[in-house]
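User: I should like to take a close look at the aromatic rings in this protein. Please explain how they pair and then place them in the wider structure.

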Amino acid sequence: MRFVLAMLLVTFGLSFHASAEEALSLTPQETYDLVQKQGDQMLFVDVRDPVEIMFIGFTDTVDTNIPFMLAERNKFLADKGRFAMTPNPDFAASIEQALKDKGLNKDALIVTMCRSGSSRGKPSADFLLEHGFTNVKYIDHGFQGSGSKEGKKAGMRIVNGWQNDGLPWSMKLNPEKIYQP
């Protein structure tokens, strides 16, 4: 019986440890509510490339735009129909500086947002956790949301996400918040 109990505790402990190292998601509405209630105690970061933001839209609710991945405009991937994306080498340092600018440290809540939540939102949050930031989450379904599965608008990003949840956004970029290398 002790062996079974010990194995359960070890299994639970390993499961808990593994999940503690992985970023958890928030809905766009949960994030918006957090910003309204405790915006001065957290950092909300749009991690998209600024050119993407220019064509898709922006929310001034974020504190800043710090791209996790940067489009390499000189490396077009013809087979994928897009430019190559490479990690921003200054990402973690830029996040740390943004925290300092708000009077916060690496233990403050950081929420990341990309277009869909999965390609850069979650990976950027996990990256920050791996680099000593202790309280990082990401927005599930990101800024633009998921593609519709059926109908005339199949494939269009009209399901969930910041825009589709009716949260504040516009096509106008805030030059004080947008990434300018």
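Analyst: In this predicted model, the count of aromatic pairs comes to seven. One of them joins Phe-44 and Trp-162, whose ring centres are 5.6 Å apart. The ring planes of Phe-44 and Trp-162 meet at 40 degrees, so the pair is classed as tilted. The reasoning rests on two cut-offs: planes under 30 degrees apart count as stacked and those over 60 as edge-to-face, while the rest are tilted.

The positions of the two residues in the chain deserve attention. Phe-44 belongs to strand β2 (residues 42-46), whereas Trp-162 belongs to helix α6 (residues 161-164). The pair therefore ties together parts that are 118 residues apart in sequence. Both Phe-44 and Trp-162 are buried. Together with Tyr-32, these two residues form one aromatic cluster.

Phe-44 also leads to a residue in another strand. Thr-64, located in strand β3 (residues 64-65), has Phe-44 among its contacts once neighbours within four places in sequence are set aside. The other contacts of Thr-64 on that basis are Val-45, Asp-46, Ala-98 and Lys-177. Thr-64 has a relative accessibility of 16%, and it counts as buried because this value is under the 20% cut-off.

These local details can be set against the whole protein. The protein contains six helices and nine strands. Of its 181 residues, 40% are buried. Among contacts between residues at least 6 apart in sequence, 60% join residues at least 24 apart. The exposed area of the protein is about 10500 Å², and carbon and sulfur atoms supply 57% of that area.

A further feature is the largest pocket, with a volume of about 320 Å³. Three elements each give two or more residues to its lining: α3 (50-56), β4 (69-77) and β5 (82-87). The lining residues include Phe-55, Phe-83, Met-69 and Met-85, and also Asp-49, Glu-52, Arg-73 and Arg-82. By class, the lining of the largest pocket divides into six nonpolar residues, four charged residues and one polar residue.

To return to the part requested, Phe-44 is paired with Trp-162 in a tilted arrangement, shares an aromatic cluster with Tyr-32 and Trp-162, and is in contact with Thr-64.

Notes
Residues are numbered from 1 along each chain as its sequence is written. This is a predicted model: local features need pLDDT of at least 70, side-chain atom pairs count only at pLDDT 80 or more; totals for chains, interfaces and linings use all residues. Side-chain values use heavy atoms; hydrogens and water are left out. Helices (H or I, at least four residues) and strands (E, at least two) are DSSP runs, numbered from the N terminus. Buried means under 20% relative accessible area, exposed over 50%, partly exposed in between (1.4 Å probe, protein chains only). Contact means heavy atoms within 4.5 Å. Accessible areas come from the Shrake-Rupley method with a 1.4 Å probe; for residues, only the protein chains shown count as cover. On a 1 Å grid over the protein atoms alone, a cavity is a set of points where a 1.4 Å probe fits but cannot get out, and a pocket is an open set with protein on both sides within 12 Å along at least five of seven lines; lining residues have an atom within 4 Å of a point. Grid points are joined across faces, edges and corners, and a volume is the space filled by probe spheres set on the points. Ala, Val, Leu, Ile, Met, Phe, Trp, Tyr, Cys and Pro count as nonpolar, Asp, Glu, Lys and Arg as charged, and the others, Gly among them, as polar. Rings of Phe, Tyr and Trp (its six-membered ring) pair if their centres lie within 6.5 Å; planes under 30 degrees apart count as stacked, over 60 as edge-to-face and the rest as tilted.
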